[in-house]
Amino acid sequence: MSARKVVIWSSTDSRPVAQTTFGESQVVWQTVVDSKRRRAVILIIENGIFIVETLGFDGTLRRLGALDFDTSRFETGCMMFLSNNWFWTYGNTVAQLDPQGGEWLGVLTGDEVYVVEVGDDDLSAPRLVGRHSGARRNISCDPLDRYVATGGEDGEFRFWSLTGGQPPTTFQGPPDWRSFWFTVDGKLFQAGVPATGNWVTWLWKVDGGAPQLVQRADVGGVGGLAWNWDADGKSVARPGPGVTQFRLWPMRKLNDADPIELRRGNTQGVKRMVFHPHGRWLATADLAGVALWPLGRAYPSVIRRHTANVTGLA
């Protein structure tokens, strides 16, 4: 289902502070909250073109611009959702906003890697930072504004500096990876690998030097990569085993720990989850609404029931 409505909620008094609905020709693929500039940054697709708009906390909707890439490359498209980060594959092109504040945008088109700055009122011209021959259609933006990451068919990952002009940091991962992304605080980088009836995550520590592999973990589940790490990299969360619950594991014992099970009686299937950037709580979305789970207790504060499926959280 394509997302067409964006709502900004107040977590203190459970009310919407701003919202907008997009037209039939517009599809919302990623939304990031920029608290410093009091707005949500929204990446949409309109008639095969990437568009960036903002929704202010005061309800003001503003179009910042379009990404001026060769539209002849846009032949077929598909959508993917990984770890609360939407990214759009359209022909040879993928794009993703930085997940922490939406202050810049990473784009991979063909083998070319670009960075676009998201300003107060407009977008910068795309800046080429490098080329990755054999890159698969995936890109991830570092929340700490250091890198944009790409991955090759041979399992080599590359971290490109946002300023360009220098070789990327490279390291080897599994050739059969299917996705990768940074954790919400930028301290960890993870890649998902399909296993027999399951998925395994590879986890690297990112501290400014060469990434160091710290863990290969199977946290259960069949299908898409629905787990998400907290800001400190200490816990991982994922839906299941049933559709009415989700579970938390401590990182230090991922393969053998008994998880904490959190559930809400009237839930209609957990669809999305995201940790607060400072680790205070976990937000989940299901058909019934959005819930905030303080990490020190096992019961939620329900923000609001929804009449439609929630397809993303930011």
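**Aromatic pairs, loops and a sheet**

Trainee: Quick one to start: is phenylalanine 159 buried or exposed?

Mentor: Phenylalanine 159 is buried, at a relative accessible area of 2%. Buried means under 20% relative accessible area, exposed over 50%, and partly exposed in between, with a 1.4 Å probe and protein chains only. Keep in mind that this is a predicted model, where local features need pLDDT of at least 70, side-chain atom pairs count only at pLDDT 80 or more, and totals for chains, interfaces and linings use all residues. Residues are numbered from 1 along each chain as its sequence is written, and side-chain values use heavy atoms, leaving out hydrogens and water.

Trainee: Got it. How many aromatic pairs are there?

Mentor: Rings of Phe, Tyr and Trp (its six-membered ring) pair if their centres lie within 6.5 Å; planes under 30 degrees apart are stacked, over 60 edge-to-face and the rest tilted. That gives 16 aromatic pairs. In one of them, phenylalanine 159 meets phenylalanine 189 edge-to-face, with 5.1 Å between centres and 75° between planes.

Trainee: Where do those two sit along the chain?

Mentor: Phenylalanine 159 is in strand β15 (residues 156–161) and phenylalanine 189 in strand β18 (residues 188–195), so this pair links distant parts of the chain, 30 residues apart. Strands are DSSP runs of E with at least two residues, and helices are runs of H or I with at least four, numbered from the N terminus. Phenylalanine 189 is buried too, at 0% relative accessibility.

Trainee: And why is the pair of phenylalanine 171 and phenylalanine 189 called edge-to-face?

Mentor: Their ring centres are 5.9 Å apart and the planes stand at 85°, so the pair is edge-to-face. Phenylalanine 171 belongs to strand β16 (residues 169–172) and phenylalanine 189 to strand β18, so parts 18 residues apart in sequence are tied together. Phenylalanine 171 is buried at 10%. One aromatic cluster includes Phe159, Phe171 and Phe189, with Trp177 among the other members.

Trainee: What sits over the ring of tryptophan 177?

Mentor: The charged end of arginine 136, 4.9 Å from the ring centre. For that label, NZ of Lys or CZ of Arg must be within 6 Å of the ring centre and within 35 degrees of the ring normal.

Trainee: Switching to loops: what is the phi of arginine 38?

Mentor: About 50°, a positive value although arginine 38 is not a glycine. Most residues other than glycine have a negative phi. Arginine 38 is in the loop between β3 (26–34) and β4 (39–46), and is exposed at 54%. Aspartate 145 also has a positive phi, about 60°, and lies in the loop between β13 (140–141) and β14 (147–151).

Trainee: Which side chain does arginine 146 make a polar contact with?

Mentor: The side chain of aspartate 142, at 2.7 Å. A polar contact is a pair of N or O atoms within 3.5 Å; within protein, one must be able to donate a hydrogen and the other to accept it, and sequence neighbours count only if both atoms are side-chain atoms. Arginine 146 is in the loop between β13 and β14, partly exposed at 22%.

Trainee: Last one: what is the strand order of the open sheet?

Mentor: The four strands run β3-β4-β5-β6, with antiparallel pairing. Two strands pair if DSSP finds at least two bridges between them. β3 and β6 (61–66) are at the edges with a single partner strand each, so one side of each has no neighbour in the sheet. Between β4 and strand β5 (residues 49–56) there are eight bridges, and glutamate 46 stands opposite isoleucine 49.
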